[in-house]
Amino acid sequence: MGVSMVLAAGCGGSGGTSHTAAKSTAKSTAKSAAKSAAPVKAAPKKLTFDLVKGLGDTALGGDRACGYGEWNDGTFAIGTPYSKQTTFYREYSCYEKKGELFPNAAGQMTYAEFGTPAQATAYGNYTKTNISAVAVLVSDNAAVTMNIGYLTANKMTLLKQVQQACGGCGTVIPGPHASDPVPGHVDKS
C-alpha cells in the first residue's frame, strides 16, 4: 500500500505537464485576487430598531440624569393619529430606579415603523411643531425621534450618530428644541 501511494504521487510525466498546470493555477489565483481587490460598493444600511437601540442604550443609559433606562412599548411620546399608524413602536424612558411604574423622563428617544413611507414623512413633518421634539430622523417607513427631558446628552449629536450608523440614511428634521445649547436638556428646578 505504501508503494502504490509513492507511485501515485510520483506519476505525472516528465515534469512539463505539472509545471504547466501549476502555471495555470497561479494565473487563475492571481485573477481571483485581482477581482477580490476591486472596490466593493457597500450596501446601504437600513434604519432598524436594533441599530437605534444599541446607540440609544449607550448614550442615554450612561447619562447621569437617568437612574435606570429601558425601551418599552408605551405611547407617552407619540400622539394620535400617528400612534395608530405604527406597525412597531418603542420608546426609551428613564426611571429613578428599576421597577418603578412611571418614568420621570418618558420617551426620550423613540423608534417607530409606520405602514407606509408617507405616514413616516407626515410624522416627521409634524415634529417641526411638536413642542417636545428636538428632532426626528425619517428613513423609508421608520422614524427616530429625540425629545426634550432631563437628560444631559446632546440629543442632536446622538440622532446624527444614528444617521451615520445607517450609512447616512434618511433626513433629519429639526424640531423646536434643535438649537438648544444641550438639545433636550431641561433643568430640574
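Begin by selecting helix α6, residues 155–165, whose buried residues are Lys155, Met156, Leu158, Leu159, Val162 and Gln163. Their directions span an arc of only 160° around the axis, so these residues lie on the same side of α6. An α-helix has 3.6 residues a turn, so residues three or four places apart point the same way. Please keep in mind throughout the tour that the model is predicted.

Next, display the elements against which this buried side is placed. The buried residues of α6 pack against α3, β3, β4, β5 and β6, the last of these being residues 171–174.

From there, move to helix α3, residues 49–61, and select Phe49 together with Trp71 in strand β1. Are these two residues buried or exposed? Both Phe49 and Trp71 are buried. A search of the whole structure finds ten aromatic pairs. In the pair of Phe49 and Trp71, the ring centres are 5.2 Å apart and the planes stand at 90°, so the arrangement is edge-to-face. This pair joins distant parts of the chain, since its two members are 22 residues apart. A pair of aromatic rings is described by the distance of the centres and the angle of the planes.

Now extend the selection to Phe88, Tyr92 and Tyr111. Together with Phe49 and Trp71, these residues form a cluster that is linked by ring pairs.

The tour then turns to the surface. Select Phe76, Leu101 and Phe102, which make a nonpolar surface patch of about 400 Å². Within this patch, Leu101 belongs to the loop between β2 (86–95) and β3 (105–114). Leu101 counts as exposed because its relative accessibility is 67%, and the cut-off for that term is over 50%.

Two further stops concern the backbone. For the first, select Thr80 and Pro81: which form does the peptide bond from Thr80 to Pro81 take? The bond is cis, with omega near 5°. Pro81 is found in the loop between β1 (68–72) and α4 (82–85).

For the final stop, select Asp140, in the loop that runs between β4 (133–139) and β5 (142–147). Phi of Asp140 is near 55°, which is a positive value in a residue other than glycine. Asp140 has a relative accessibility of 53% and therefore counts as exposed. The two strands on either side of this loop, β4 and β5, are among the elements against which the buried residues of α6 pack, and the tour thus returns to its starting point.

How values were computed:
Residues numbered from 1 in each chain as written. Predicted model: local features only at pLDDT ≥ 70, side-chain atom pairs only at ≥ 80, totals over all residues. Heavy atoms only, no water. Patch = residues over 30% accessible without salt bridge, like charges linked within 9 Å, V, L, I, M, F, W, Y side chains within 5 Å. Areas by Shrake-Rupley, 256 points an atom, 1.4 Å probe, with all protein chains shown as cover. Salt bridge = Lys/Arg side-chain N within 4 Å of Asp/Glu carboxyl O. Helix = DSSP H or I, 4+ residues; strand = E, 2+ residues; numbered from the N terminus. Buried < 20%, exposed > 50% of the residue type's maximum accessible area, 1.4 Å probe, protein only. Phe/Tyr/Trp six-rings, centres within 6.5 Å; stacked < 30°, edge-to-face > 60°. Arc of directions from axis to C-beta. Contact = heavy atoms within 4.5 Å.
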